[in-house]
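Thanks for asking me to look this one over. My notes are below, in numbered points that you can check against the model as you read.

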Amino acid sequence: MKVFITRRIPQEGMKILTEATGVCEVSQWASDEPIPRSELLKGVQGAHGLLCLLSDKIDAEVLDAAGPNLKVISTMSVGFDHLALEEIKKRGIRVGYTPDVLTDATAELTVALLLATARRLPEGVEEVKKGGWSSWKPLWLCGYGLSGSTVGVIGLGRIGMAIAQRLLPFGVKRLLYTGRTAKAHGAEVNGEFVPLDELVSESDFIVVSCSLTPETQGLCDKAFFSKMKKTAVFINSSRGAVVNQEDLYEALSRGQIAAAGLDVTTPEPLPTSHPLLTLKNCVVLPHIGSATYSTRGVMSALTAQNLLGGLQGSDMPSELSF
Ligand SMILES: O=C(O)[C@H](O)CO
């Protein structure tokens, strides 16, 4: 069966696929850069399996180009907002994804981003390099600490929980969360399920950790930022489109909120001319939540196993139900 892979992936996954002789014949866009759309439409033709990334938009056009052979799409990501699920379902195609295996790495990065943003680490590093460090100064480069603070997590799923668990030992006083429903596991982090407005107005740190859905798209907008405390720090490691970036820019530049740390943006990559990048109180990372060597290795292996399961009509270790 023909498999098409849209990028160079860690060798753990490639090994599994190349060793599956007799099951699949692999062709690949063997580059670290994204596949041009025209090459994707060409490469997928006649494929039985497609291994893709979160940066590949898999819509009706791609599915039509693939044709009726396509049995399985395996994405090397936990997020699946890049997949046109309705179209995929109509065609009876199975979907694999990579939950759980990147939870720890993403939570770790989110905590690192929160601390870096709140304690102004990139600014400090920059000052040292450019000679701005003239002396120890009582009022210089002060930021905000977690001890005694209220943290609000938007979306207490796997990653939201892992973030909360890592933040609590810093002395967080209250842990608020919001989402569709209260979660039984919320009790493990003394989480208080509250309406969004309450979370926004009472939190010192807001961490966005929900999936991108029609409900969450643009959730963090002008009204949202206007309810935040002036001293609050906003962190997003989920998907860029949850945030209205123009509204965030206004809030940051007018001092309506203290700072923001973003591991995800719209678009990705964020153009170097983007206004957010001119702000000292905004730390932007290039979507590296899951970027540890071991996590990416495990993600690629799971993606390959999902693909093989789908091709063979057997169990997939992580099949998306939709
Ligand atoms: O969806 C995902 O997998 C993350 O955003 C990147 O690892």
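1. Which residue in E5 is the bridge partner of Ser74? The partner is Gly96. Ser74 belongs to strand E4 (residues 72-75), which pairs with E5 in the parallel sense over three bridges. Strands here are DSSP runs of E, at least two residues long, and helices are runs of H or I of at least four, both numbered from the N terminus; two strands pair if DSSP finds at least two bridges between them.

2. A word on the basis of these notes: this is a predicted model, so local features need pLDDT of at least 70 and side-chain atom pairs count only at pLDDT 80 or more, while totals for chains, interfaces and linings use all residues. Residues are numbered from 1 along each chain as its sequence is written, and side-chain values use heavy atoms, with hydrogens and water left out.

3. E4 and E5 belong to an open sheet of five strands with parallel pairing, in the order E2-E1-E3-E4-E5. Strand E2 (25-28) and strand E5 (94-96) are the edges; each has a single partner strand, so one side of each has no neighbour in the sheet. On average, neighbouring strands are turned by 20° against each other, direction ignored. Axes are lines fitted to C-alpha atoms, for helices over the stretch in contact, and angles run from 0 to 180 degrees between N-to-C directions.

4. Two helices to look at on this sheet are H1 and H11. Helix H1 (residues 11-19) touches strand E1 (2-5), E2 and strand E3 (49-52), and its direction makes about 140° with that of E2. Helix H11 (residues 293-312) touches E1, E3, E4 and E5, at about 175° to the direction of E4. Contact here means heavy atoms within 4.5 Å.

5. Another open sheet has seven strands, ordered E8-E7-E6-E9-E10-E11-E12, again with parallel pairing. Its edges are strand E8 (191-193) and strand E12 (282-284), each with a single partner strand, so one side of each lacks a neighbour in the sheet. The average turn between neighbouring strands is 15°, direction ignored. Inside this sheet, strand E9 (residues 205-208) runs parallel to strand E10 (residues 233-236), joined by four bridges; Phe205 has Val233 as its bridge partner in E10.

6. Helices lie across this sheet too. H5 (residues 103-118) crosses E9, E10, strand E11 (259-262) and E12, running at about 150° to E10. H10 (residues 245-253) lies across E10, E11 and E12, at about 145° to E11.

7. Now the ligand. Around it are Leu54, Ser77, Val78, Gly79, Leu102, Arg239, His287, Ser290 and Met299, counting residues with a heavy atom within 4 Å. By class, this shell has four nonpolar, four polar and one charged residues. Backbone polar atoms of Val78 and of Gly79 each lie 2.8 Å from a ligand oxygen atom, and a polar side-chain atom of Ser290 lies 2.6 Å from an oxygen atom of the ligand. Taken alone, the ligand exposes 230 Å², and the protein buries 91% of that (Shrake-Rupley method, 1.4 Å probe).

8. Finally, some backbone details to check. Cis peptide bonds join Thr266 to Pro267, with omega about -10°, and Glu268 to Pro269, with omega about -5°. Pro267 lies in the loop between E11 and E12, as does Pro269. Leu141, in the loop between helix H6 (121-129) and strand E6 (150-154), has a positive phi near 55° although it is not a glycine.

Conventions:
A polar contact is a pair of N or O atoms within 3.5 Å; within protein, one must be able to donate a hydrogen and the other to accept it, and residues adjacent in sequence count only if both atoms are side-chain atoms. Ala, Val, Leu, Ile, Met, Phe, Trp, Tyr, Cys and Pro count as nonpolar, Asp, Glu, Lys and Arg as charged, and the others, Gly among them, as polar.
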